[in-house]
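This report describes a metal site, a set of charged pairs and a helix packing contact in turn. The structure under discussion is shown here.

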Amino acid sequence: MAKIVGSIVTSHVPAIGRAIAGNLQNEPYWKPFFDAFPPIHRWLDEVKPDVAVVVYNDHGLNFFLDKMPTFSVGAAPEYRNADEGWGIPTLPPFTGDTELSWHLINQLVNKEFDLTTCQEMLVDHAFTLPLKLLWPQEGACPIKVVPVCINTVQFPIPSASRCYKLGEAIGEAISAWDSDARVVVIGTGGLSHQLDGERAGFINKPFDLQFMQSLVDKPKWATQYTVEQLVEHTGSQGIELLMWLAARATIKGDVRALQNTYHLPISNTAAGVMLLEPLA
Ligand code: DHB
Ligand code: FE
């Protein structure tokens, strides 16, 4: 059966793409963030995952406000990146793992998650940047991918508790996949940030740090909050932490944090990175 080797969660600020393109990784503004990645690269070299399930949120590239699925799963042989107007470099297409996609879709629908199945899907910075951070080499991403998209851009947004259950169901589906594949689950978004409105620039360090710690020792902690309360605590885009929660929930039981970095700000965002490895 397939195995989840770990989960990596990270912020996905578009400016990171500019920093990569401009080779700014060692500049004082960027270094504390980029320093989180070499240990993760060494871990990836050791555990050698075959496929990444990427839990992220689209920002209006593939889904716009006229049609907004709550949960969607990619089932395409290839995912193209496109220019979203942020000025970050467009990356080569990503290769899909359609066998895992359809397995996940079947299992999740059986468990009463009403998904949108996407046999064509464009992927934005929330998907591409984390993969570029994890596999920075030239050219296409070296492992296969399955995108899982959670709506965090238009209300109603699914609750933390529902996203946790989605993560658990994804974890169970991966463990039930008749394959010897090694799977890494990536969650992208957050941490606290608000890009517009009266509270633009809002960041909540104590809440972010408590949330990060909870992923290690009390993973359901954030499910006590409603979406509105999470927005109040983390900003209107800070709600992207739901992707971290779902990614963590794919791992049954305890984890250890092999990497844990919090750095602010990047652009308007409190940037965090964690690598969580199952203990069992
Ligand atoms: C920023 C953060 C995001 O999560 C995003 O999707 C776009 C922009 C920012 O801080 O600039
Ligand atoms: Fe975002």
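Is Lys111 buried, partly exposed or exposed? Lys111 has 36% relative accessibility and therefore counts as partly exposed, since that class lies between under 20% for buried and over 50% for exposed. The model in which this value was computed is a predicted one.

**Salt bridges**

Side chains of opposite charge can pair when their charged atoms come close. Five salt bridges are found in a search of the whole structure. Three of them are listed below, including the one that involves Lys111.

| Pair | N to O distance | Relative accessible area |
|---|---|---|
| Lys31 and Asp35 | 3.1 Å | Lys31 34%, Asp35 38% |
| Glu78 and Arg80 | 3.1 Å | Glu78 38%, Arg80 47% |
| Glu172 and Lys111 | 2.5 Å | Glu172 36%, Lys111 36% |

The bridge of Glu172 and Lys111, with N and O at 2.5 Å, links distant parts of the chain: Glu172 belongs to helix α6, whereas Lys111 is in the loop between α4 (98-110) and β6 (116-118), 61 residues apart. Glu172 is partly exposed. In the pair of Lys31 and Asp35, Lys31 is partly exposed, and Asp35 is partly exposed as well. Glu78 is likewise partly exposed, and its partner Arg80 also falls in the partly exposed class.

**Helix packing**

Two packed helices are described by the angle between their axes and the distance between the axes. For helix α6 (residues 160-175) and helix α9 (residues 241-249), the axes come within 6 Å and cross at roughly 35°. The crossing of α6 and α9 is right-handed. On the α6 side the contact is made by Ala160, Cys163, Tyr164, Gly167 and Glu168; on the α9 side it is made by Leu242, Leu245, Ala246 and Ala249. By class, the residues of this contact comprise seven nonpolar, one polar and one charged.

**Iron site**

Which residues are the protein donors of the iron ion (ligand 2)? They are His12 through NE2, His59 through NE2 and Glu240 through OE, at 2.1 to 2.2 Å from the ion. The spacing of these donor residues in sequence is H-x46-H-x180-E. His12 and Glu240 link distant parts of the chain, being 228 residues apart: His12 is in the loop between β1 (3-10) and α1 (15-21), and Glu240 is in the loop between α8 (227-234) and α9. His12 is buried, with a relative accessible area of 4%, and Glu240 is buried at 3% relative accessibility.

Key. Residues are numbered from 1 along each chain as its sequence is written. Chains are lettered from A and ligands numbered from 1 in the order in which they are written. This is a predicted model: local features need pLDDT of at least 70, side-chain atom pairs count only at pLDDT 80 or more; totals for chains, interfaces and linings use all residues. Side-chain values use heavy atoms; hydrogens and water are left out. Axes are lines fitted to C-alpha atoms, for helices over the stretch in contact, and angles run from 0 to 180 degrees between N-to-C directions. Helices (H or I, at least four residues) and strands (E, at least two) are DSSP runs, numbered from the N terminus. A crossing is left-handed if the near helix is turned anticlockwise from the far one by less than a right angle, and right-handed if clockwise. Contact means heavy atoms within 4.5 Å. Ala, Val, Leu, Ile, Met, Phe, Trp, Tyr, Cys and Pro count as nonpolar, Asp, Glu, Lys and Arg as charged, and the others, Gly among them, as polar. Donors are N, O and S atoms within 2.8 Å of the metal (3.2 Å for Na, K and Ca); water is not among the atoms, so sites may look incomplete. Buried means under 20% relative accessible area, exposed over 50%, partly exposed in between (1.4 Å probe, protein chains only). A salt bridge is a side-chain nitrogen of Lys or Arg within 4 Å of a carboxyl oxygen of Asp or Glu.
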